[in-house]
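Here are some notes for a colleague who is opening this structure for the first time. Please keep the sequence and the 3D view side by side while reading the numbered points.

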Amino acid sequence: MRKVLLPLLVMAALAAACGSQSQPSEDDGVPATTPSASTPPAASSTTAEPEGTVIAATVKGGEVTDAPDTAKVKLGEPVTIKVTADVADEVHVHGYDLAEAVKPGEPLTIDFVADIPGQFDVELESAHFKLFDFQVVE
Amino acid sequence: MRASGEGTLILAHGLGGRSDLPIPLWLAIYAGAVAVLVSFFVLAALWATPRLKGAEAGRSLPALERFADAAAIRVMLRALGLVLFAGFLVVAWLGPDDAGTQNPAPTWFYVWFWVGLVPASLLLGPVWRLLNPLRPLAGAARALLRVRPRALPDRLGYWPAVAGLMAFLWLELVFDQASASRVVAGFVTGYAIVHVVAGTVYGPRWFERGDGFEVYSWLISRASPLGRRSDGRLVLRNPLDGLAGTPRRPGLTPVVVVVLGSTVFDGLSRTSLWSDLVSGTAGAVYLMLGTAGLLGAIGAVVLTYGFAIRLTRPYLAPGQDAYGEFAHSIIPICIGYTVAHYLSFALFQGQQGILLGNDPLGNGWDLFGLSEARVDYTLLSTATIGVVQVCAIVLGHIVAVTSAHDRAIGILPRRYARFGQYPILAVMIGYTTAGIALLAGA
């Protein structure tokens, strides 16, 4: 039995040490420790402004600027996605299946209510060009 | 509610837009620790002589067996398979020509059929063998053309099934038009034609080894509590015994490896690492990247598993087929991965199968009175989904490690009983931690 106890103790100690470093979130396992990129000041995830959360992205010369890597939104909140691009394409919000054409220079606004929990990509459809993704958490 | 800006609101591809939220880091670490802990425990403290009886095990169920073997039931199941197949083809070819947003056929194919095969086979055994509509079609062709079936060469092994599965997996995981109803219709029709022809030439034995979906269903069913004992009786048994009793047929390992590799790629393709990689590519380049990714993931499994087997082989007696001895123990890992990756897809997209089935041909029907209904995303909370995903992977790992342990101590000489298990154990820990990492890093 000694042969078993030692590896068991080592593993248990490791697990306890690692577990205590990352604190469990207060909610029931709702993810809160993903080290995502910082969201721009305008797109805070818990302010209840009349138009809801605004997530903005700009596409210039084939590159995405001014966009969060992963934006976080609360379930049931209204969301506004604002895309400004220098090319004509179609912005597609996966999962919610919203697609609208964007024209160069004209900012496109897509409003919807985040009623589906999960993680969703927002892309420029014709080139699978990912603008950003957002998480709808409960 | 879905207010638009300027342009019209066009609905793009219907399936697979939603990913699960990543599991919290602490859950991932605990799960990984449990997996490693259990592996060492199994290695050091579990039984020292083989306990599983494999194909001999199980308690017979005579009433259920009479029912399952009854000719009337068999005919009914065949007829059901044919009817469903016909209905599917009608909707796929004649229903709305879209990307799965109105036509229910893609949902029926990818969710109800492909994902549904897993719980169906886990609970009931290799069900697809009984429902497969291609079998009676081939039988009818054989009768009409008065063809006598040719013998299926043994060296073909399961390779035709591997090819069929690869074709399907490429379609599902790489092809960006995979959700389109006509694409699904075309694939299923093409697949059916190929296999009805092959079934005409080689007889019903073709489907056991050549039809990828039948082989997949059979593989999953090895872990089912229902199965056939070596004497042919239908029995209720420990899934570990079912796995241990998997016939050691040559060529089974490639099937297992392809299934595992493809689920790895499925998880990989949902990470931001992958979407950043393919961002900006289109057309042929996008498909080439996806194909490379799928083959790469399968290749990684081939390399790691092959390496583990090579390290184990010196401990075995000459003439023992190491690949054949352990192939069954990878199956639970495949099942765990599949449950983890497809659970929410099945729960949510699966509902569309009924909601869209309300008006399958897009004619304005209202067959079930569901025209106002929408997908209910509150069936399971994201927290519950996360926990189930992790438990599936860890449970799959535990079953896999136990299976491999029992087999190893049966075929390894006493003094190598511990060393000889390290390579396979290590590789399994690798697959499981990769699976957990994919859940956390999505």
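1. The largest nonpolar core holds 92 residues, and the members that touch the most other members are B:Phe109, B:Trp114, B:Phe213 and B:Tyr431. Helix α16 of chain B, which spans residues 322–355, gives this core its largest share, namely 10 residues. Please bear in mind throughout that this is a predicted model.

2. A second core, separate from the one above, has 33 residues, and among them are A:Phe120 and A:Val122 from chain A together with B:Leu343 and B:Leu355 from chain B.

3. B:Tyr431, already named as one of the residues with the most core neighbours, deserves a look of its own. Leaving out residues up to four places away in sequence, B:Tyr431 touches B:Leu260, B:Val301, B:Thr304, B:Tyr305, B:Ile330, B:Ile333 and B:Tyr337.

4. Turning to contacts between the chains, B:Ser279 sits in the loop of chain B that lies between α14 (272–278) and α15 (283–312). When its neighbours within four places in sequence are set aside, B:Ser279 is in contact with A:Ala127, A:His128, A:Phe129 and A:Lys130. For the last of these residues there is also a polar detail, as a polar atom of the B:Ser279 side chain lies 2.9 Å from the backbone nitrogen of A:Lys130.

5. Chain A, taken as a whole, contains 1 helix and 9 strands, and along the sequence these elements follow the pattern α-β-β-β-β-β-β-β-β-β. Of the 138 residues in chain A, 42% are buried, while the chain exposes about 6600 Å², with carbon and sulfur atoms supplying 59% of that area. Among the contacts in chain A with a separation of 6 or more, 58% are between residues 24 or more positions apart.

6. Within chain A, 4 strands form an open sheet of mixed pairing, and their order is β2-β1-β4-β7. The edge strands are β2 (63–65) and β7 (108–113), each of which pairs on one side only. On average, and with direction ignored, neighbouring strands of this sheet are turned by 25° against each other.

7. How many bridges join strand β1 to strand β4 in chain A? There are 7 bridges between β1 (residues 53–60) and β4 (residues 78–85), and the two strands run parallel. One pair to find in the view is A:Thr53 with its bridge partner in β4, A:Val79.

Methods. Residues are numbered from 1 along each chain as its sequence is written. Chains are lettered from A and ligands numbered from 1 in the order in which they are written. This is a predicted model: local features need pLDDT of at least 70, side-chain atom pairs count only at pLDDT 80 or more; totals for chains, interfaces and linings use all residues. Side-chain values use heavy atoms; hydrogens and water are left out. Buried means under 20% relative accessible area, exposed over 50%, partly exposed in between (1.4 Å probe, protein chains only). Contact means heavy atoms within 4.5 Å. Accessible areas come from the Shrake-Rupley method with a 1.4 Å probe; for residues, only the protein chains shown count as cover. Two strands pair if DSSP finds at least two bridges between them. Axes are lines fitted to C-alpha atoms, for helices over the stretch in contact, and angles run from 0 to 180 degrees between N-to-C directions. A polar contact is a pair of N or O atoms within 3.5 Å; within protein, one must be able to donate a hydrogen and the other to accept it, and residues adjacent in sequence count only if both atoms are side-chain atoms. A nonpolar core is a set of buried Ala, Val, Leu, Ile, Met, Phe, Trp, Tyr and Cys residues joined through side-chain atoms within 4.5 Å.
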